[in-house]
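Reader: I should like to go through the enclosed spaces and the chain contact of this model, with the grounds for each term. Please begin once the structure is shown.

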Amino acid sequence: MSHLHLSFYSAFILSSLGLAFHRTHLISALLCLESMMLSMYVALAMWPIQMQSPSSTIIPIIMLTFSACEAGTGLALLVASTRTHGSDYLHNFNLLRC
Amino acid sequence: MMEFVLFLGLLFALGGLAVASNPSPYYGVVGLVVAAIAGGGWLVSLGVSFVSLMLVMVYLGGMLVVFVYSVSLAADPYPETWTDWGVVGYGFGMGLVVMVGLVVSGVFGLLSDVGTVNGAGLLSVRVDFSGAAVLYSEGAGFLLIGGWGLLLTLFVVLE
């Protein structure tokens with residue numbers, strides 16, 4: 001594995017571990033999701049470089065578009081839950097707990 | 001020049017670690033900015049400058065600005081810092097998990113013996129795993145006949 005692949009591979013793994021072990025705030029889980037999207041963007045941008053195919057350059061751009069949509073949706077959920085629960089502490093979101 | 005590219009790659013991974021083990025969302029946003037700038041510089045060093053410009057303008061200038069004022073809505077007035085023991089433990093633990101995964105998967109070449117089944121690392125290429133996988137690809141007929149025979153035996157035993 002070249003060091004390029006190693007770098008975004010480890011960044012993706014670390015961000016997904018951070019998403020899995022979210023501790024106090026909902027927004028830090030959303031930030032880990034954003035950094036997963038960033039490492040995927042860099043990984044997809046490697047494709048036109050290493051395969052020498054310029055038309056594959058649209059793939060990371062389209063991915064960035066949908067990642068922006070997803071970030072907006074996540075932030076809207078964050079604002080809505082802050083309005084109802086008063087903060088975004090994850091241990092307050094216990095309406096569905098049995 | 002080569003060392004600078006390696007340093008940018010390391011900075012990208014460290015930014016990911018900073019986001020994952022953040023003591024507070026303020027520091028997570030700093031890690032994300034560092035990772036985005038390192039990734040943008042890295043893409044420029046590889047020649048694709050338009051993709052890097054798009055990353056910096058759309059991602060940093062658009063999405064992260066929105067995140068920063070959402071963080072100011074949602075985060076604590078007295079955040080914990082990088083030197084609190086829980087945060088150091090998280091950062092160290094996640095870095096350890098990534099290192100163990102890299103060593104076991106054969107990237108560093110530490111676990112490969114010459115001439116044995118572990119020729120390309122402990123888990124990268126194993127003769128018995130890839131041989132048994134043939135049962136599910138070209139040997140699917142054997143799989144179906146074996147399953148049918150087991151089902152018939154079940155009915156025989158239940159009688």
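Author: The second largest cavity is lined by Ala11(A), Ser35(A), Leu38(A), Ser39(A), Phe12(B), Gly15(B), Gly16(B), Val19(B), Leu32(B) and Ala35(B). Two or more of the lining residues come from each of H2 of chain A, H1 of chain B and helix H2 (25-45) of chain B. This is a predicted model, in which local features need pLDDT of at least 70 and side-chain atom pairs count only at pLDDT 80 or more, while totals for chains, interfaces and linings use all residues. Residues are numbered from 1 along each chain as its sequence is written, chains are lettered from A and ligands numbered from 1 in the order in which they are written, and side-chain values use heavy atoms, with hydrogens and water left out.

Reader: Why is this space called a cavity, and what is its volume?

Author: On a 1 Å grid over the protein atoms alone, a cavity is a set of points where a 1.4 Å probe fits but cannot get out, and a lining residue has an atom within 4 Å of a point. The volume, the space filled by probe spheres set on points joined across faces, edges and corners, is about 40 Å³ for the second largest cavity.

Reader: What makes Gly15(B) and Gly16(B) polar in the count for this lining?

Author: Ala, Val, Leu, Ile, Met, Phe, Trp, Tyr, Cys and Pro count as nonpolar, Asp, Glu, Lys and Arg as charged, and the others, Gly among them, as polar; therefore Gly15(B) and Gly16(B) are polar. The lining has 6 nonpolar, 4 polar and no charged residues.

Reader: How is the lining of the largest cavity divided by class?

Author: Its residues are 6 nonpolar, 7 polar and 2 charged. The largest cavity holds about 90 Å³ of space, and Arg23(A), Thr24(A), His25(A), Ser28(A) and Asn22(B) lie nearest its centre.

Reader: What makes a space a pocket instead?

Author: A pocket is an open set with protein on both sides within 12 Å along at least five of seven lines. The largest pocket has a volume of about 340 Å³. To its lining H1(B) gives the most, with 6 residues.

Reader: How many residues does each chain bring to the contact, and how many salt bridges are counted?

Author: With contact meaning heavy atoms within 4.5 Å, chain A brings 41 residues and chain B 48 residues. A salt bridge requires a side-chain nitrogen of Lys or Arg within 4 Å of a carboxyl oxygen of Asp or Glu, and the count between chain A and chain B is 0.

Note on methods
Helix = DSSP H or I, 4+ residues; strand = E, 2+ residues; numbered from the N terminus.
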